[in-house]
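Colleague: Please choose one part of this model and take me through it closely, residue by residue where that helps. After that, please set the part in its surroundings.

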Amino acid sequence: MTGPVSFVCVSPAGRPDFTVAYERRGAGEPLVLLHGIGHHLQAWEPVTSALAASYDVIALDLPGFGQSPALPDGYAYDLGTVVPLLREICAALGVDRPHVAGNSLGGLLALELGRERLVRSVTALSPAGFWTEPERRYAFGVLSGMRIGASALPPPVVARLARTAVGRAAIAGAIYARPGRRSAEAVIAETHALREAPGFEPTLAAGRRPGVVFSDNVPDVPVTIGWGTRDRLLLPRQGIRAKRAIPGARLVRLPGCGHVPMNDDPALVTRVILDTVRAPALVRAA
């Protein structure tokens with residue numbers, strides 16, 4: 001089960017305040033978890049308890065998603081804005097250079113934080129940014145279709161569908177390889193999060209601009225890239241491009257997992273993240 005959601009108000013110098021929702025559990029070195037577009041921090045629920053046994057785990061609702069309100073006027077939802085905001089959020093939470101794990105959009109943000117040397121390690125699960133233009137258009141088309149479906153289905157219909165494995169597959173099969181493992185309550189909640197997210201359209205619009213491709217190396221930071229073998233949104237071949245862009249990264253196949261692998265194989269994802277966050281300590285001890 002998820003813990004209580006808290007809120008932090010961030011006051012960047014010379015810019016309007018904004019508020020972010022987060023859940024914090026455990027103790028130890030900080031580990032920040034970043035979800036994908038249209039999702040919310042509860043996407044990490046299958047692995048949070050296991051990670052919190054050893055680390056200070058902070059799962060965020062990105063601005064404009066989950067319970068985090070939209071950014072104030074004057075803020076963009078592009079990488080050049082959101083990455084510095086994540087640094088401000090960490091500072092407001094008393095966190096300096098955390099480990100970070102991200103999925104999809106969150107994976108791209110995690111890699112950007114690594115490139116800026118703002119984190120101790122990066123675990124990126126099916127990160128955005130390694131697509132060709134046709135692959136990007138396909139992924140955005142699927143995401144837009146999911147958003148339209150979530151907006152069109154009345155909540156009672158969503159609740160009825162979520163009570164059956166077939167219904168959960170119809171709602172969430174694009175992002176989970178094993179949607180039947182997701183609870184009805186979780187599917188209902190994430191459908192609501194997708195429907196209500198004020199950050200969805202501006203984030204998608206920012207992603208359509210030329211140049212949203214990650215092609216830089218991430219030196220001096222341990223990086224693991226995990227890709228589900230059954231990812232139907234960002235196809236697994238994109239992991240090969242990620243490895244070429246970041247030669248020092250560890251590329252891990254996640255057998256039987258879809259685009260959001262935390263639900264499909266929590267034990268495997270937990271192990272992949274823990275192996276990555278322990279890498280800096282092993283280097284220091286060598």
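Modeller: I would begin where M146, R147, A150 and S151 of α4 meet T191, L194, R195 and E196 of α7, a contact being heavy atoms within 4.5 Å. By class, this contact has 3 nonpolar, 2 polar and 3 charged residues (Ala, Val, Leu, Ile, Met, Phe, Trp, Tyr, Cys and Pro count as nonpolar, Asp, Glu, Lys and Arg as charged, the others, Gly among them, as polar). The model is predicted, so local features need pLDDT of at least 70 and side-chain atom pairs pLDDT 80 or more, while totals for chains, interfaces and linings use all residues. Residues are numbered from 1 along each chain as its sequence is written, and side-chain values use heavy atoms, without hydrogens or water.

Helix α7 spans residues 184-196, and its axis lies 8 Å from that of α4, at an angle of about 105° (lines fitted to C-alpha atoms over the stretch in contact, angles from 0 to 180 degrees between N-to-C directions). That makes α4 roughly perpendicular to α7, a term that covers 65 to 115 degrees.

Helix α4, residues 133-152, has a further neighbour in α9, whose buried residues pack against α4, β7 (223-228) and β8 (250-254). In α9, residues 238-245, the buried positions are Q238, G239, A242 and A245 (buried meaning under 20% relative accessible area with a 1.4 Å probe, protein chains only). Seen down the axis of α9, these residues fall within an arc of 115°, so they line one face of the helix; the arc is taken over directions from the axis to the C-beta atoms.

Through β7 and β8 the description reaches the sheet, an open one of 8 strands with mixed pairing, in the order β1-β2-β4-β3-β5-β6-β7-β8 (two strands pair if DSSP finds at least two bridges). Strand β8 is an edge strand, as is β1, each pairing on one side only, and the twist averages 25° from one strand to the next. Further along the order, β5 (residues 99-103) and β6 (residues 121-125) are parallel and share 5 bridges, with A101 opposite T123 of β6. Helix α11, residues 266-277, lies across β3, β5, β6, β7 and β8, and runs at about 155° to β6. At the β1 edge, β1 (residues 6-10) joins β2 (residues 18-25) antiparallel through 5 bridges, where F7 has A21 as its partner in β2.

Technical notes. Buried means under 20% relative accessible area, exposed over 50%, partly exposed in between (1.4 Å probe, protein chains only). Helices (H or I, at least four residues) and strands (E, at least two) are DSSP runs, numbered from the N terminus. Angles under 35 degrees count as roughly parallel, over 145 as roughly antiparallel, 65 to 115 as roughly perpendicular and the rest as oblique.
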